[in-house]
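Subject: A structure to look through

Dear colleague,

I am handing over the structure below, and I would be glad if you could keep it open while you read the notes that follow it.

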Amino acid sequence: RSLSIDDFQLYSRLVTNSEVMKYITGRALSPDEAVERFRKSLQAAVGNPGAGFFIVKKKLSNEFIGVAKLVEMPDDQVEIGYMLLPEFWGKGFASEIVKQLVEYAKDQQLTSELVAIVDPNNPASIKVLTKSGFMHYKTGQLSGLEAAYYKLTLYKSQ
């Protein structure tokens, strides 16, 4: 489901966790930084209700496991991403999230191309992306951290 104003405590569990944020910002966020990042996350859907941040829970137990995103970028691209609590790593959840987000982006016709930005030192996320059909296309820096860029063409734009 879409991220809502009532989800701050769940979101904060992720972004203030140093393990989760190691490959995203290089460090856990302070409480003030968490509030600011949450505010920006809520605004990501403005102008495109199909995009934005989403709360991810286990289907049967409704247990919170993380946050996923589909956020508009320039050039008709949409960035795909996810953050999971460490106890859910290595159990196939990231692969399932990416699969569901790709299908959702196709169904909603959000974009012709999905982009994922990942720390090149995060082999688990790179494996999830490449297994899902994403191809590496450049390496660079983002917010002072190394970044590897992957893309998946959903359909050819006219």
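A good place to begin is the end of helix H5, which is followed by Gly-133, a residue whose phi is positive, near 100°. Please keep in mind throughout that this is a predicted model.

Staying with H5, which spans residues 123-131, you will find that its buried residues are Ser-125, Ile-126, Val-128 and Leu-129. Seen down the axis of H5, these buried residues fall within an arc of 160°, so they line one face of the helix. The face turned away from that buried side carries the exposed residues Pro-123, Ala-124, Lys-127 and Lys-131. As for what covers the buried residues of H5, the list includes strand S3, helix H4 (93-108), strand S4 (113-118) and strand S6 (145-153).

Helix H1, made of residues 8-15, can be read in a similar manner, and here Tyr-11, Ser-12, Leu-14 and Val-15 are buried. They cover an arc of only 155° around the axis, which puts them on the same side of H1. The partners against which the buried residues of H1 pack are helix H2 (18-21), helix H3 (31-43), strand S2 (64-73) and strand S3 (77-84).

The pairing of H1 with H3 deserves a slower look, since the two helices pack at an angle of about 120° and their axes are 10 Å apart. Angles of 65 to 115 degrees count as roughly perpendicular and those over 145 as roughly antiparallel, and H1 and H3 are therefore oblique to each other. Their crossing is right-handed, and the contact is made by Phe-8, Tyr-11, Ser-12 and Val-15 on the H1 side, with Ala-34, Val-35, Arg-37, Phe-38 and Ser-41 on the H3 side.

Just ahead of these helices, Asp-7 sits in the segment before H1. Is Asp-7 buried or exposed? With a relative accessibility of 3%, Asp-7 counts as buried, because the cut-off for buried is under 20%. If residues up to four places away in sequence are not counted, Asp-7 touches Arg-1, Ser-2, Phe-38 and Ile-55.

Turning to the interior, the largest nonpolar core has 44 residues, and those with the most contacts inside it are Leu-70, Ile-80, Leu-114 and Phe-134. If you select Leu-114 and leave aside its neighbours within four places in sequence, you will find it in contact with Leu-70, Val-78, Ile-80, Val-102, Ala-105, Phe-134, Tyr-150, Lys-151, Leu-152 and Leu-154.

Some loop residues are also worth visiting. Ala-45 has its place in the loop between H3 and strand S1 (52-57), where it is partly exposed, with a relative accessible area of 26%. Leaving aside neighbours within four places in sequence, Ala-45 is in contact with Ala-51 and Gly-52. Its C-alpha atom is separated by 19 Å from that of Ile-117, which is 72 residues away along the chain.

Finally, there are backbone angles to check. Most residues other than glycine have a negative phi. Asn-62, however, which is in the loop between S1 and S2, has a positive phi of about 65° although it is not a glycine. Gln-109, in the loop between H4 and S4, likewise has a positive phi, near 50°, and is a residue other than glycine. At 61% relative accessibility, Gln-109 counts as exposed, because exposed means over 50%.

With best wishes

Key. Residues numbered from 1 in each chain as written. Predicted model: local features only at pLDDT ≥ 70, side-chain atom pairs only at ≥ 80, totals over all residues. Heavy atoms only, no water. Buried < 20%, exposed > 50% of the residue type's maximum accessible area, 1.4 Å probe, protein only. Helix = DSSP H or I, 4+ residues; strand = E, 2+ residues; numbered from the N terminus. Arc of directions from axis to C-beta. Contact = heavy atoms within 4.5 Å. Core = buried A, V, L, I, M, F, W, Y, C linked by side-chain atoms within 4.5 Å. Axes fitted to C-alpha atoms, helices over the stretch in contact; angles between N-to-C directions. Parallel < 35°, antiparallel > 145°, perpendicular 65-115°, else oblique. Left-handed = near helix turned anticlockwise from the far one by under 90°.
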